[in-house]
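Colleague: I should like to learn how the features of a two-chain model are read. May we go through them in turn?

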Amino acid sequence: MSEKLGSLKWWLMLPAFLVFAFYFPRYLIQTLGADNPWTSYLYLYGFGFFYTGSGVLLILKTGACNLSRPLHRKWFALIVGGFFYFAIAHALWIYLAISIPYKGAL
Amino acid sequence: MDSFGIELENGSIIAIAIVAVVYIAVITAFGGYFARFNKNINDFFYSGNRFSWWLPAASMVATGIGSYSYLKYSEQGYNTGMSSTMTYLNDWFLAPFFLFGWLPIIYFARIKSVPEYFERRFNRTARYISLTIILAYMFFYIGYNLYTIGVALEGMFGVPQLYSVPILAAFLGAYVTFGGQTAVIFTDLFQGIMLYVAGGLAIFAGIYALGGFDEWWAYLPVNHRLPFVHLTDNPMFNSAGLFWGEALAGSIAFTFMNQGFLMRYLTIKSVNEGRKAAFFNVMVTLPVSAVIVGAIGWIGKSLVIKQTVTGGALAGYEFVDIQNTFHTFIIVCWATVKHNAWIFGFIVAALMAALMSTIDTLINACAAIGIYDLYKPLIKPEASDEHYLKAARWASIITTFIGLLLVIWFHAQKGSLMSIHYKGIMIIIPAIVTTIFMGAFWKRFNATAACASMILGSIVTVITVWFPDVIDPLAWFLSGPQNGIYIYFRALFGMLITAVIGFVITLLTSHRDDKDVTGLTIDTLDEAMHSYKGGEPNHEVGKKVYEMQVKKDESIQADWIEVAPSAMTTLKARDGDLLYMTDSRWWLGGLRSYHVKVKTNKALGDKDIAMSTPTFEEAYFLPGKAVTLEKII
């Protein structure tokens, strides 16, 4: 696994990220609108995916996380699972916020 | 001084003061008790690297909540709703970098402070540049915490900061000076419970006043229920800025550079346990803390709207009128506990607990830097442990005093507490966090580049305060706020500039650098582990062996133990492996424990553990108490 990742051309990731960083938020704002709560959500988790993903690639490529070790396998699963845990929890939160009626409107 | 919008009678003031003073006295005495667990400066600052994960993790609750947190986040919660949790719930992105990068690097390399890492990774110049920036960051927090509690006490009771802040600092300084890190951890554990209980009590009173959870939620405006604010609208608090400035720069600073938190991780018995503490911190502590510090603002908003809709004060409660939102926490608590001075005194004590638990960590951390980075290398390189222990206590006193002086500076600042906080932090951190990151994760990054990055990166970041327009293109590129006020994007801008400087200078000068950085970068962690153990690491996962009985044997050398082959099999250990032995009473959290190397002794019984008296004493074991064994590597 780590040998395969080692062959990744890291320098290709920078322009790919720049293209993503420029177009992704613009696409969100155009399609959903800047006021939409899902826009902030997707902005955070879209860029957050890159952030966490680059960390995951780094620890695998450098061998800092060695998946042949049982403890490392467990922690790797928790790192990936933790990202989705927060993403799902925040999505559920937004859903509840917008779906339950508000009684304060005069 | 602006009053806090509540009227306290003399009787109430006396009751609140009694609760607060008793609380402070109890904490000071409790912390002072732990002076007996400090034999040397490793004990004083790092508690001998002996604790189970849950003890430092639980104590981080109180460390992470400062005296400003209740006031600042309640205000934010009132103004923008549950999005006040954003800064607490965006730390997971950093997890791979910390759990498998920075944590094992500093642990296995036995790094005592970030500046020490800079000297070993780069050179002495880098050490002292980083030291200057880190001390600025730490002292900023000490002064800021003292100042905010002074503001709160002056607002509530009219006690001038000139008196309240030095008195509080004297109590704090006392137990940190004598008890060291162990005192900090145990008092913070106690204070964390206090914070949660008092915060929970205030939340319960608020929800009860509103008529239940459903009522609170129903009267909370939809945009206040959301976990995120508008992407760009508010220059002081927007989702785009918070991601780049807070989740990226702020989280790296808090996790990688905050000496107080690093020291907390270094008190833990192993890297694996450190990962558990970090996991617990992000998954449990931070989300719960976000609720504890912000919920009064959410309740206050719902309460004010319900009053408006129903046409006046809620039945049995006084009308809540929040003119200045910074006073939200105090006003809402005072109203919802129905002016009960004893309960309110308990909540005020929680504010003090938040102050004490954050500042004690920072004082101990600054003192550690003072000893390990200034006194020991520059003033007195060779001295006895007793001497350094005494110096460490003086360093704690000096640190407290400098923090006190900074309150004068904060007092002269203009603007809200929140803006002072973020403006300061977002200027200080970008260059140093980027340099730490590049140093840990890019082996080629060299000393010349590190020094230039820190200096030039800091200068450019500071210059943007006067020329914010230079941040416009970056904010435009990332669809961030484009209104000329770049609190968070300034941090990102500073990080990018620092990274570019570091990258270019490394490419131009890397051929000059042949420094051995083995064990100090992410790609050399196996070597670091080998060096830490002093032999080949054993990665087999064994089981703990419980209820071992100590047998004294003076022929065994210090820091070694001997056990029966059956115990070795359960542990999956080999001769020479690094083990951790601890008093079997789990709730001590490793207070009585020690790291040792192990050897097989066929003559011993299955539950026997043989060691010499010096090893027994280093572990702070008590005669007749059972011991648990665990293999580390």
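**Reading the model**

Modeller: Helix α14(B) is followed by K338(B), whose phi is positive, near 55 degrees. Please bear in mind throughout that this is a predicted model.

Colleague: What is the usual sign of phi?

Modeller: Most residues other than glycine have a negative phi. In this model, H339(B) has a positive phi of about 60 degrees, although it is not a glycine. H339(B) lies in the loop between α14 (328-336) and α15 (341-379) of chain B.

Colleague: Is H339(B) buried or exposed, or does it fall in between?

Modeller: Its relative accessible area is 34%, so H339(B) is classed as partly exposed. Another non-glycine residue with a positive phi is E547(B), at about 55 degrees. E547(B) is placed in strand β1 (residues 545-552) of chain B. With 46% relative accessibility, E547(B) also counts as partly exposed, because that class ends at 50%.

Colleague: How many residues of α14(B) are buried?

Modeller: Nine of the nine are buried, so α14(B) is largely enclosed by the rest of the structure. Among them are the aromatic residues F329(B) and W334(B), together with T328(B), C333(B) and T336(B).

Colleague: A charged residue may also be buried or exposed. Which class applies to K306(B)?

Modeller: K306(B) counts as buried because its relative accessibility is 12%, and the limit for that class is 20%. K306(B) belongs to helix α13 (residues 271-310) of chain B.

Colleague: With which side chain does K306(B) make a polar contact?

Modeller: The partner is the side chain of E215(B), at 2.9 Å. Once neighbours within four places in sequence are set aside, K306(B) is in contact with L210(B), E215(B), Y219(B) and L314(B).

Colleague: Let us turn to the strands. How is the arrangement of side chains along a strand to be understood?

Modeller: In a regular strand the side chains alternate between the two faces of the sheet. Here, strand β3 (residues 578-583) of chain B is mostly covered, since six of its six residues are buried.

Colleague: Which strands pair with β3(B)?

Modeller: One partner is strand β4 (residues 593-600) of chain B, joined to β3(B) by five bridges and running antiparallel. Within that pairing, L578(B) stands opposite K597(B) of β4(B). Strand β6 (residues 627-631) of chain B also pairs with β3(B) in the antiparallel sense, over five bridges. There, T582(B) has T628(B) of β6(B) as its bridge partner.

Colleague: In which sense, parallel or antiparallel, does β2(B) pair with β4(B)?

Modeller: Strand β2 (residues 560-563) of chain B and β4(B) pair in the parallel sense, over four bridges. I561(B) stands opposite V598(B) in β4(B). Strand β2(B) is also joined by two bridges to strand β5 (residues 608-611) of chain B, and these two run antiparallel. In β5(B), I609(B) is the bridge partner of V563(B).

Colleague: I should now like to consider the interface. How is its size expressed?

Modeller: The size of an interface is often given as the accessible area lost when the parts come together. Between chain A and chain B, the buried area is about 4,900 Å², and carbon and sulfur atoms give 75% of it. The contact takes 52 residues from chain A and 53 residues from chain B.

Colleague: How many salt bridges and how many residue pairs in polar contact are counted between the chains?

Modeller: The count is one salt bridge. R69(A) forms it with D526(B), the closest N and O atoms being 3.1 Å apart. There are 18 residue pairs in polar contact, with both residues at pLDDT 80 or more.

Colleague: Which elements of chain A give two or more residues to the side that touches chain B?

Modeller: They are α2 (10-32), α3 (37-61) and α4 (70-99) of chain A. The largest share, 17 residues, comes from α4(A). On this side of chain A, the residues divide into 37 nonpolar, eleven polar and four charged.

Colleague: Which residues does P25(A) touch?

Modeller: Not counting residues up to four places away in sequence, P25(A) touches F20(A), Y43(A), F47(A), L478(B) and S479(B). P25(A) is found in helix α2 of chain A, and its relative accessible area is 0%, so P25(A) is buried.

Notes: Residues are numbered from 1 along each chain as its sequence is written. Chains are lettered from A and ligands numbered from 1 in the order in which they are written. This is a predicted model: local features need pLDDT of at least 70, side-chain atom pairs count only at pLDDT 80 or more; totals for chains, interfaces and linings use all residues. Side-chain values use heavy atoms; hydrogens and water are left out. Contact means heavy atoms within 4.5 Å. Buried area is the accessible area (1.4 Å probe) that two parts lose on being put together, summed over both. A salt bridge is a side-chain nitrogen of Lys or Arg within 4 Å of a carboxyl oxygen of Asp or Glu. A polar contact is a pair of N or O atoms within 3.5 Å; within protein, one must be able to donate a hydrogen and the other to accept it, and residues adjacent in sequence count only if both atoms are side-chain atoms. Ala, Val, Leu, Ile, Met, Phe, Trp, Tyr, Cys and Pro count as nonpolar, Asp, Glu, Lys and Arg as charged, and the others, Gly among them, as polar. Buried means under 20% relative accessible area, exposed over 50%, partly exposed in between (1.4 Å probe, protein chains only). Two strands pair if DSSP finds at least two bridges between them.
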